[in-house]
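User: I'm new to this structure and would like to learn how to read it. Could you walk me through a few features?

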4 protein chains.
Amino acid sequence: MNTQLPSVLMSAERMADLAAASRILAARGVVDGFGHVSMRHPDNPNRYLMSRALAPALVVPDDIVEYDLGSNAVHPASAKGFLERFIHGEIYKARPDIGSVVHSHSPSVVPFGVASVKMQAMFHNAAFLAQGVPVFDISEQFGATDMLVCDCAKGQALAQSLGSASVALMRAHGSVACGPTLQTAVFRAVYTEVNARIQHFAHSLAGTAPLAALSAEEGLLADVPNQTAGLRAWDLWRAEIRSETGW
Amino acid sequence: MNTQLPSVLMSAERMADLAAASRILAARGVVDGFGHVSMRHPDNPNRYLMSRALAPALVVPDDIVEYDLGSNAVHPASAKGFLERFIHGEIYKARPDIGSVVHSHSPSVVPFGVASVKMQAMFHNAAFLAQGVPVFDISEQFGATDMLVCDCAKGQALAQSLGSASVALMRAHGSVACGPTLQTAVFRAVYTEVNARIQHFAHSLAGTAPLAALSAEEGLLADVPNQTAGLRAWDLWRAEIRSETGW
Amino acid sequence: MNTQLPSVLMSAERMADLAAASRILAARGVVDGFGHVSMRHPDNPNRYLMSRALAPALVVPDDIVEYDLGSNAVHPASAKGFLERFIHGEIYKARPDIGSVVHSHSPSVVPFGVASVKMQAMFHNAAFLAQGVPVFDISEQFGATDMLVCDCAKGQALAQSLGSASVALMRAHGSVACGPTLQTAVFRAVYTEVNARIQHFAHSLAGTAPLAALSAEEGLLADVPNQTAGLRAWDLWRAEIRSETGW
Amino acid sequence: MNTQLPSVLMSAERMADLAAASRILAARGVVDGFGHVSMRHPDNPNRYLMSRALAPALVVPDDIVEYDLGSNAVHPASAKGFLERFIHGEIYKARPDIGSVVHSHSPSVVPFGVASVKMQAMFHNAAFLAQGVPVFDISEQFGATDMLVCDCAKGQALAQSLGSASVALMRAHGSVACGPTLQTAVFRAVYTEVNARIQHFAHSLAGTAPLAALSAEEGLLADVPNQTAGLRAWDLWRAEIRSETGW
């Protein structure tokens with residue numbers, strides 16, 4: 001029995017979608033044993049929902065816990081949460097336009113956080129990157145740490161680096177991808193990883209020559225269909241999880 | 001029940017082959033949630049057939065819609081089509097020799113559309129690339145757009161870039177691969193992706209030294225067996241889909 | 001019913017091993033719809049055995065055809081053979097020490113046939129490469145062709161390039177890997193591909209600096225355990241096919 | 001029936017965990033037909049346990065053999081062991097803090113043993129690399145060999161190269177990853193491979209510019225949560241094996 005029922009009742013379908021998002025990200029190689037996805041509570045913007053600390057591929061709807069924006073579990077009996085849930089809470093605080101956040105260490109993205117090469121939008125599915133991808137270096141403000149965004153202050157610093165972007169890299173750690181909806185945040189996390197692989201290839205071909213990436217204006221225009229026709233990808237991924245789990 | 005029955009009756013087997021082609025391309029990593037394959041109507045060269053807007057891995061024969069070359073659905077009740085079906089219609093208009101078109105964003109190919117390195121034929125299975133691979137940059141004629149080939153004018157511009165080639169790259173977007181038959185177009189889409197991976201490796205090894213790629217003459221000669229003995233690959237791929245779907 | 005029964009009766013187990021070798025190579029990504037493996041007839045050194053023209057993943061023991069060293073089917077009713085079976089026949093003629101040959105276009109190996117970087121042995125499992133890996137360029141002797149080794153003359157030229165090596169690259173085409181036994185030839189084909197991936201990484205790290213590859217002497221010493229303890233890999237791969245096919 | 005029962009009775013669960021570790025490493029691509037994992041006997045620090053010579057994907061609990069630190073099987077009737085078990089015995093002798101050792105040829109790691117580029121910690125999960133990763137070149141002390149660490153003297157030389165590090169590379173061969181527990185050694189072997197892939201990408205992006213890798217101090221701090229919260233990865237991997245094998 002779920003002892004972490006959201007205070008405002010969420011539809012079972014939305015809870016299942018959030019649990020499925022964890023498994024989708026695992027199936028696409030964006031998360032492995034680590035990483036997490038959350039969504040802002042649809043009926044209470046000062047709350048968010050995410051799985052208890054658990055490998056994403058194992059999450060079921062009953063694992064979802066409700067947090068306030070200080071990243072405290074609303075229900076004291078809730079299962080142990082992720083150490084880095086503060087990433088989510090602080091982004092929701094700073095960015096009212098954001099409805100969902102993915103944190104991952106997807107392997108093609110990490111290199112862009114340690115090499116001084118800017119991530120660019122290599123194709124229209126990654127259009128959301130064309131506004132620029134900031135890099136958050138936790139050591140600038142906090143010195144030598146265990147690299148984890150494990151409290152509100154570190155979460156705030158990350159949210160500040162993120163600014164108005166959709167994706168921020170975290171030096172020697174990973175990245176966050178955000179969007180207005182769960183579907184869009186998952187889409188962006190997946191295509192940030194795909195884009196990183198493409199840019200690696202492109203950079204290797206081009207050497208020091210510039211890449212004919214999407215311009216900022218093209219990026220704004222091309223991100224619109226990603227959020228409508230682009231839902232076709234979510235439909236595919238969601239169907240795969242449903243056929244595996246039954247929910 | 002299929003409400004989009006072709007006006008001239010296609011054999012069930014050919015419809016199944018076209019639907020299978022979508023799944024083959026998904027299984028080979030050429031398409032993901034996006035991308036599409038079409039074939040010219042075998043009994044009416046002014047029509048073409050392709051799936052409704054749907055992730056390629058999910059396509060079944062009943063999803064096939066018939067279009068005129070202006071990319072209007074022949075049957076008004078047809079399901080919603082792909083935004084970029086104009087790619088197909090305009091190539092069929094411009095190229096009577098073409099019987100099938102694949103559009104994809106296969107990840108190893110995209111880099112060649114943003115880096116100024118020509119794609120070359122690295123091995124005989126990619127012989128069709130040896131005549132040259134043009135790059136279509138939508139911004140040259142249309143300025144900043146959402147990158148999509150979403151009307152006849154943009155489709156025509158792409159078809160013009162393609163010229164007499166078998167494959168054209170689309171800057172910061174993807175590519176098209178064409179052939180006289182469905183089987184050959186699918187083969188070319190698959191081996192364009194394989195060739196891109198090989199050229200990436202080869203380029204990385206060779207640096208600025210030239211690659212001993214197929215010459216244009218070798219390409220012409222080597223593409224002949226690809227279209228006969230090469231059908232063995234289609235037979236394998238088709239069998240995989242049949243054993244998965246029953247059709 | 002098999003209409004291509006070897007003239008000298010092969011044990012069913014050896015026929016199954018040869019058919020399994022095709023599937024092993026497909027499962028390891030060494031062959032795709034194309035490529036083939038043969039073995040010298042164990043009781044008649046002037047004959048060899050290989051599958052009829054068929055995608056390697058689909059081969060069953062009944063697909064095995066017997067050839068003389070001129071690559072003519074011994075039984076006139078035999079099914080159509082591979083266009084490039086002459087690779088095998090001519091290597092068996094030139095190299096009495098060879099008992100099995102694999103021909104493939106494995107994707108990480110092809111780049112070494114078009115870039116002027118020598119393949120080296122990156123680790124002990126690829127020790128057989130340390131004696132040098134010649135590159136056969138079909139155009140040197142035959143001008144512009146379809147790149148296929150489709151007759152005895154071309155097969156002889158390839159065998160001459162191979163010399164006393166275990167592996168030869170074929171420019172803009174693929175490679176051959178040979179060994180005294182079926183198990184060793186398959187092992188070498190697999191680890192040639194693995195070695196190519198490793199060398200690509202190593203080359204990319206090292207730039208123009210030399211790699212601390214196996215020396216020729218180390219290669220000779222290290223290839224000995226590959227042919228004894230190394231059979232453990234065959235046992236694993238063979239078991240996988242057995243559990244899939246029942247033979 | 002297991003004829004190699006540990007002299008001091010191990011719990012069935014721990015034996016199963018050790019057998020599962022072999023399969024986990026195979027499933028993650030760290031080992032293929034070759035490679036091995038051992039653990040120090042929990043009740044007798046002068047003994048260690050590892051599978052008989054067998055492909056890691058096939059290991060079952062009954063395959064576990066008990067060795068003394070000279071790498072002699074404790075039970076004379078034990079099945080044939082790995083030629084390179086001396087790697088394990090000599091590391092246990094030299095490093096009382098080590099409870100488990102993995103030896104592998106994981107393909108992204110091998111390049112760092114032949115190219116003169118230092119492996120660095122690209123992200124917090126690979127924090128254990130931030131203290132430095134020594135390279136053991138067997139030829140320095142032993143001249144041309146078959147590259148195998150097949151006796152105590154070679155094992156001692158490797159252990160000496162390892163020093164106080166968690167991971168050592170072996171030139172033109174592979175690597176060892178060590179940890180206080182089985183779970184941590186497996187974690188380190190997996191993330192050494194992931195880190196190598198990331199560093200390859202990062203190096204390719206950065207060229208000769210330095211990478212913003214974890215500092216030694218960050219590495220010490222970040223390796224702590226890897227050994228607590230990081231167990232979540234083991235739980236996922238172990239569950240996968242359990243659902244496959246029933247143990």
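**Reading the sheet, the contacts and a helix**

Analyst: Sure, let's begin with the sheet in chain A. Its 7 strands form an open sheet in the order 3-2-1-4-7-6-5, with mixed pairing. Keep in mind that this is a predicted model.

User: Which strands of chain A stand at the edges?

Analyst: Strand 3 (64-68) and strand 5 (135-136) of chain A do. Each has a single partner strand, so one side of each is left without a neighbour in the sheet.

User: And what packs on that sheet?

Analyst: Helix 1 (residues 12-27) of chain A does, touching strand 1, strand 2 (47-51), strand 3 and strand 4 of chain A. The direction of helix 1 makes about 155 degrees with that of strand 1 of chain A.

User: How do I read the pairing of two strands?

Analyst: In general, strands of a sheet pair through backbone hydrogen bonds, and they do so either parallel or antiparallel. Here, strand 1 (residues 36-40) and strand 4 (residues 100-104) of chain A run antiparallel, joined by 4 bridges. In that pair, Met39(A) stands opposite Ser100(A).

User: On to the chains. How many residues does each of chains A and B bring to their contact?

Analyst: Chain A brings 29 residues and chain B brings 30. On the side of chain A, helix 6 (182-206), helix 7 (216-226) and helix 8 (231-245) each give two or more residues. Helix 6 of chain A has the largest share, with 8 residues. By type, that side of chain A divides into 20 nonpolar, 4 polar and 5 charged residues.

User: What relates chain C to chain B?

Analyst: A rotation of 90 degrees, with 0.0 Å of shift along its axis, superposes chain C on chain B, at an RMSD of 0.0 Å. That is the relation of a four-fold axis. In chain C, the C-alpha nearest the axis belongs to Ser204(C), 4.7 Å from it.

User: Which residues are buried in helix 5 of chain C?

Analyst: In helix 5 (residues 152-162) of chain C, the buried ones are Lys154(C), Gly155(C), Leu158(C), Ala159(C), Ser161(C) and Leu162(C). Looking down the axis of helix 5, you'd find these buried residues within an arc of 155 degrees, so they line one face of the helix.

User: What covers the buried residues of helix 5 of chain C?

Analyst: The cover includes helix 2 (86-94), strand 5 (135-136), helix 4 (138-142), strand 6 (167-170) and strand 7 (174-179) of chain C. Just after helix 5 of chain C, you'll also meet Gly163(C), with a positive phi of about 55 degrees.

How values were computed
Residues are numbered from 1 along each chain as its sequence is written. Chains are lettered from A and ligands numbered from 1 in the order in which they are written. This is a predicted model: local features need pLDDT of at least 70, side-chain atom pairs count only at pLDDT 80 or more; totals for chains, interfaces and linings use all residues. Two strands pair if DSSP finds at least two bridges between them. Two residues are in contact if their C-beta atoms, placed from the backbone, lie within 7 Å. Axes are lines fitted to C-alpha atoms, for helices over the stretch in contact, and angles run from 0 to 180 degrees between N-to-C directions. Ala, Val, Leu, Ile, Met, Phe, Trp, Tyr, Cys and Pro count as nonpolar, Asp, Glu, Lys and Arg as charged, and the others, Gly among them, as polar. Copies are superposed by least squares on the C-alpha atoms of residues with pLDDT of at least 70 in both. A residue is buried if 20 or more other C-beta atoms lie within 10 Å of its own, exposed if 12 or fewer, and partly exposed in between; C-beta atoms are placed from the backbone. The arc is that of the directions from the helix axis to the C-beta atoms.
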